[in-house]
Amino acid sequence: MPKIEVNENLFFELLGERMDAVTLEQLLTVAKAELDGWQTEGVRQEDRVIKIELNDTNRPDLWSTAGVARQLRTYRRSVLPDYKFFSREGDVKKAEYSINVDKSVDPVRPFLAGFVISGKAITDAMLRDAIQTQEKLCWNYGRKRRSVSMGIYRISLIKWPVRYHAVAPESASFVPLGMDKKMNLRDILAEHPKGKEYGFILQNEKTWPLLSGADGGILSFPPIINSNDIGAVEVGDRDFLVEFTGTEMLSVALSANIVACDFADAGYRWAAKLRSRIISRLPLRLTRDA
Amino acid sequence: VETEFWNGDALFMPQFHAARDIHDVYYVADPTRAKSIEEPYLSRVAGVHENGGATGSRGWNYGFDRDFTKRLVLRSQGTVLSARQLPKASVPGKYFGIARCFRYDKVDATHLSDFYQTEGIVLGDDVNLRTLLGFLEMFAVEVAGAKEVKYVPGYFPFTEPSVEIHIKHPVLGWFELGGAGIFRPEVTEPLGINVPVLAWGIGIDRMALMALSLNDLRELFSYDIENVRLRRAKGN
């Protein structure tokens with residue numbers, strides 16, 4: 001069962017009220033969740049962490065700070081959340097940014113969904129939370145990143161349109177997160193800790209997926225690792241591209257929807273609609289907030 | 001000994017479900033597989049996993065593994081009895097059973113690596129969640145002798161809605177007595193049932209813990225005959 005750690009201040013801000021441990025423990029049952037720990041003694045309030053265990057293994061929308069807060073808030077206020085950015089029949093806006101999904105990814109990792117958000121400088125707590133969401137979602141729901149993986153990027157360094165394509169393992173190289181030298185994709189799989197951990201997903205494939213900008217700048221090598229520049233989000237960054245790639249269209253789309261709602265709850269707004277070849281055929285399209 | 005089919009697949013647990021991991025279930029070393037799985041149940045269950053079959057559900061959206069489903073395991077949940085009963089059940093009907101279950105668990109005051117569950121199903125056009133809560137309360141109060149009982153929303157892959165029943169033990173505090181719910185159509189339809197089916201699995205050992213005023217499950221397996229004899233008297 002997924003266990004998450006939520007920053008106390010961030011969680012109560014999203015919930016819209018503060019409460020004591022007894023009340024929270026009782027309330028968490030509506031999310032099929034349990035209070036797993038909450039150390040308040042000797043820890044500064046801004047550093048306090050609430051540990052929550054989620055018992056529903058089929059509700060990936062609950063495995064994040066915003067997700068649990070959304071469920072509890074909905075129960076307390078009896079008002080269903082309404083996210084205006086989801087497109088509805090007859091209300092599909094033109095994309096300002098786009099990711100072109102190349103046919104070459106079809107045999108290896110065919111699906112992509114994404115969105116662009118802005119409007120708020122990301123804090124340390126929010127960044128940790130986004131990383132945790134990525135881990136929980138892609139490990140449990142995404143079957144160890146096989147069916148879904150996620151990446152966050154700094155918009156300011158991206159040259160549009162972005163291209164999602166597959167290349168021969170030796171033909172592309174970049175500096176991956178956590179390293180200081182350029183490596184080709186095959187070396188990343190063999191030497192980078194994330195390459196060793198998730199290499200099993202690609203080891204039998206002839207070509208490997210790559211996300212690159214119009215200027216050739218590499219965003220990431222999905223589902224393994226982001227680049228050390230475009231893909232290195234830092235505290236204080238305001239504008240982001242969030243993308244999901246995978247082998248199952250429905251899981252990719254649902255993951256994108258979940259994380260889009262999480263960011264919307266956290267105060268982000270849609271900078272622009274982002275379309276991709278695959279996702280635009282789905283009824284779950286993401287469009288700009290009207 | 002059960003097959004993965006009846007232990008999990010027929011209960012709409014996806015074959016990649018974490019609870020079906022090799023670290024949580026005991027696998028039989030030899031032989032490793034059953035020769036075959038009964039039809040039409042195999043095909044119907046495979047269909048429900050892949051695309052929902054005839055239920056209207058989307059299913060789990062993956063390719064059902066017809067070899068894995070034959071793998072032999074030690075029964076890990078009492079619900080297996082109910083799944084096996086459904087194809088031959090009458091409507092309306094009530095069925096009860098006691099099942100010894102095996103799970104790779106760290107042994108402590110409330111967990112053993114093998115345990116007994118009482119398993120029950122009630123089939124009928126007119127049964128609902130209220131009926132189910134009534135049955136659960138009967139087990140908690142009349143059988144286990146609990147004074148304080150609460151229901152908590154639960155999750156099991158085979159029921160919707162799902163509920164856990166918790167009781168308050170004078171020393172150990174609140175603990176889960178068992179889980180229950182109404183079987184999902186993805187479970188009942190492939191096995192030929194089209195009415196609501198209430199289902200529960202309650203830990204007999206945990207009821208005993210409460211009823212016999214014990215503080216540790218391991219005391220149930222004591223060698224101290226005198227202690228066991230006195231305990232029965234106390235229980236009565």
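Helices and strands are here DSSP runs, numbered from the N terminus, and in that numbering A:Arg145 has its place in the loop between helix H4 (124-141) and strand S6 (148-154) of chain A. The model is a predicted one, and this loop residue is a convenient point at which to enter it. Although A:Arg145 is not a glycine, its phi is positive, at about 70°. Most residues other than glycine have a negative phi, and most peptide bonds are trans.

That second remark leads to chain B, where the peptide bond running from B:Glu39 to B:Pro40 is cis, with omega near 5°. B:Pro40 sits in the loop between helix H1 (4-7) and helix H2 (41-51) of chain B. A cis peptide bond also links B:Glu160 with B:Pro161, where omega is about -5°, and here the proline belongs to a strand, since B:Pro161 is found in strand S6 (residues 159-169) of chain B.

Returning to chain A, one can follow how its helices meet. Helix H3 (residues 65-77) and helix H7 (residues 249-265) of chain A pack at an angle of about 75°, and their axes are 9 Å apart. Because angles from 65 to 115 degrees count as roughly perpendicular, H3(A) is described as roughly perpendicular to H7(A). On the side of H3(A) the contact is made by A:Ala66, A:Gly67, A:Arg70 and A:Arg73, while H7(A) contributes A:Ile258, A:Cys261, A:Asp262 and A:Asp265. Sorted by class, the residues in this contact of H3(A) with H7(A) are three nonpolar, one polar and four charged.

Other parts of chain A come together from distant places in the sequence. A:Arg269 lies in strand S14 (residues 269-272) of chain A, and its C-alpha atom is separated by 6.2 Å from that of A:Gly119, although the two residues are 150 residues apart along the chain. When its neighbours within four places in sequence are left aside, A:Arg269 is in contact with A:Val116, A:Ile117 and A:Ser118.

Salt bridges add another kind of link, and the structure holds 25 of them over all chains. One of these joins A:Arg18 to A:Glu8, with the closest N and O atoms 2.4 Å apart. A:Arg18 lies in the loop between helix H1 (8-15) and helix H2 (21-27) of chain A, whereas A:Glu8 is in helix H1 of chain A, so the pair ties together parts that are ten residues apart in sequence.

It remains to see how the two chains meet. Chain A and chain B bury about 940 Å² between them, with 55% of that area on carbon and sulfur atoms. Within chain A, the residues that lose the most area to chain B are A:Lys32, A:Asn58 and A:Arg143, which together account for 46% of what that side buries. The residues of chain A that touch chain B divide into two nonpolar, four polar and four charged. Ten residues from chain A and ten residues from chain B take part in the contact. Across this interface of chain A and chain B the rule finds zero salt bridges, but one residue pair in polar contact is found there, both residues being at pLDDT 80 or more.

Notes:
Residues numbered from 1 in each chain as written. Chains lettered and ligands numbered in written order. Predicted model: local features only at pLDDT ≥ 70, side-chain atom pairs only at ≥ 80, totals over all residues. Heavy atoms only, no water. Contact = heavy atoms within 4.5 Å. Buried area = accessible area lost by both parts, 1.4 Å probe. Salt bridge = Lys/Arg side-chain N within 4 Å of Asp/Glu carboxyl O. Polar contact = N/O pair within 3.5 Å; in protein donor to acceptor, adjacent residues only side chain to side chain. Nonpolar A, V, L, I, M, F, W, Y, C, P; charged D, E, K, R; others polar. Axes fitted to C-alpha atoms, helices over the stretch in contact; angles between N-to-C directions. Helix = DSSP H or I, 4+ residues; strand = E, 2+ residues; numbered from the N terminus. Parallel < 35°, antiparallel > 145°, perpendicular 65-115°, else oblique.
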